[in-house]
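This report is written for a reader who has not met this structure before. Please look over the sequence and the model shown here, then read on.

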Amino acid sequence: MRERIFSGIQPSGVIHIGNYHGAIKNWVKLIDEYECIFCVVDYHAITVQYSTEEFRGRILEAAKTLIVVGIDPERCTLFVQSRVPEHTELTWIFNAVTPVSDLKRMTQYKDKRQQSADNINTGLLTYPILMASDILLYKTNAVPVGEDQVQHLEFTRELARRFNSRFGSTFPEPKTLLGETVRIKGLDGNAKMSKSLNNYIALMEGKDEIWNKLRVAVTDPARKRKTDPGNPFICNIFSLHKLFSSDDEINTVENGCKTAGIGCIECKQILSKNMNIALSPFREKKKELDNNRDYVLDVLEEGRKFCSAIASETMKEVREKIGVIY
Ligand code: AMP
Ligand code: TRP
């Protein structure tokens, strides 16, 4: 029997190259080795302000993008979190075994508190409990994520241990699977490329949009003029070259930057060309899926059925273990 993997992505906006290189590319690699379940976690995304009108479209957009980049529904399961209500049922039970102090320590909670100071809702705090429920509901063995989610997975293992020791062995403690690239910085030089900070390049971005974003992206601040030598190792454009450019081109821009042999604009043009080469096949495939909505709905319905069957088994066991039976 293959071990089971679960991972999720929020439909809080378009999927960007940080999501892809930090997480999804790794998901695709794992499909044949594990039994994989991937989820569009819509209930996680409602903890920040959003437009209901746009949200509807985004759930399907996220599902389509995942299929386009290689989450092949023939070889793994793809579904939408809100369609399997056991996720929120298990969350309530986990609420009752989680100390508030553990939640208040979470880095993502502290960041989000600052970013949405006018909307510090309870969901921002209990977010990791819903995530732990997503994972444990399927008795998941391993979870592939980017570095920003490592703390949430430690929390999930702790929660599993706490539940098991109080109510008897029920959940395995899931491993964290990090890919080769763990964190992609934003175009503004911020530590994390993120939908909410609007410092991203989307996977489906067109050629001109890519260039317009790269053109103004932050580089080594010491390079004010083309004649100033730069330090590629502190320049985010250089780290993006490592994801999209050939070894030769990486050498060229590294040396060119250090010796002021090429300017930032030229360096960005090479990156823009390579990004476009890498992303244009995704854009093409996406057009096909845009014309085939029914296929995407069928995939998600199959996924829902598969997940509901497992979820209802787990919940039966959990209700018995916690004594909610008569
Ligand atoms: P989210 O968009 O927050 O739902 O994240 C989906 C997945 O992408 C998670 O596994 C994150 O760890 C990963 N991820 C998000 N932003 C980045 C980033 N800037 N660098 C690397 N991985 C990321
Ligand atoms: N919290 C994750 C993020 O922001 C998304 C997520 C929700 C997730 N549930 C999950 C990831 C379960 C892995 C497993 O990126």
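What follows describes the surroundings of two ligands and then the internal cavities. The model is predicted.

**Ligand 1**

The shell around ligand 1 has 17 residues, and Q10, G146, D148, I184 and M193 come nearest. Three of these nearest residues are taken up here through their polar atoms. D148 places a polar side-chain atom 2.4 Å from an oxygen atom of ligand 1. G146 takes part through its backbone, where an N or O atom lies 2.8 Å from an oxygen atom of the ligand. M193 also uses a backbone N or O atom, and that atom lies 2.9 Å from a nitrogen atom of ligand 1. On its own, ligand 1 has 480 Å² of accessible area, of which the protein covers 94%.

Which helix gives the largest share of the shell around ligand 1? Helix α1, residues 17–30, does so with 4 residues. By type, the shell of ligand 1 holds 6 nonpolar, 7 polar and 4 charged residues.

**Ligand 2**

Around ligand 2 there are 13 residues; those that come nearest are Q10, Y127, M131, D134 and Q149. Q10 is thus named among the nearest residues for ligand 1 and again for ligand 2. An N or O atom in the side chain of D134 is 2.7 Å from a nitrogen atom of ligand 2. For Q149, a side-chain N or O atom is 3.1 Å from a nitrogen atom of the ligand. The side chain of Q10 has an N or O atom 3.1 Å from an oxygen atom of ligand 2. The accessible area of ligand 2 on its own is 360 Å², and the protein covers 91% of that area.

Elements that give two or more residues to the shell of ligand 2 are β1 (4–9), α6 (122–137) and β4 (142–145). The largest share, 4 residues, comes from α6. The shell of ligand 2 divides into 7 nonpolar, 5 polar and 1 charged.

The polar atom distances for both ligands are set out below.

| Residue and its atom | Ligand and its atom | Distance |
|---|---|---|
| D148, polar side-chain atom | ligand 1, oxygen | 2.4 Å |
| G146, backbone N or O | ligand 1, oxygen | 2.8 Å |
| M193, backbone N or O | ligand 1, nitrogen | 2.9 Å |
| D134, side-chain N or O | ligand 2, nitrogen | 2.7 Å |
| Q10, side-chain N or O | ligand 2, oxygen | 3.1 Å |
| Q149, side-chain N or O | ligand 2, nitrogen | 3.1 Å |

**Cavities**

How many cavities of 30 Å³ or more does a search of the whole structure find? The search finds 2.

The largest cavity contains about 80 Å³ of space. Its lining includes T219, D220, R223, P232, F238 and V253, and also C235, C257, C264 and C267. At least two lining residues come from each of α10 (247–258) and α11 (264–290). In this lining, 8 residues are nonpolar, 2 are polar and 2 are charged.

The second largest cavity contains about 60 Å³ of space. M106, Q108, Y109, K112, L124, L125, Y127, P128 and H152 line this cavity. Two or more of the lining residues come from each of α5 (107–115) and α6. α6 gives the largest share, 4 residues. The lining of the second largest cavity divides into 6 nonpolar, 2 polar and 1 charged.

Y127 links two parts of this account: Y127 is among the nearest residues to ligand 2, and Y127 also lines the second largest cavity. In a like way, α6 gives the largest share of the shell around ligand 2 and the largest share of the lining of the second largest cavity.

Key. Residues numbered from 1 in each chain as written. Chains lettered and ligands numbered in written order. Predicted model: local features only at pLDDT ≥ 70, side-chain atom pairs only at ≥ 80, totals over all residues. Heavy atoms only, no water. Near = heavy atom within 4 Å. Polar contact = N/O pair within 3.5 Å; in protein donor to acceptor, adjacent residues only side chain to side chain. Areas by Shrake-Rupley, 256 points an atom, 1.4 Å probe, with all protein chains shown as cover. Nonpolar A, V, L, I, M, F, W, Y, C, P; charged D, E, K, R; others polar. 1 Å grid on protein atoms, 1.4 Å probe; cavity = no way out; pocket = protein on both sides within 12 Å on 5 of 7 lines; lining within 4 Å. Points joined across faces, edges and corners; volume = space filled by probe spheres on them.
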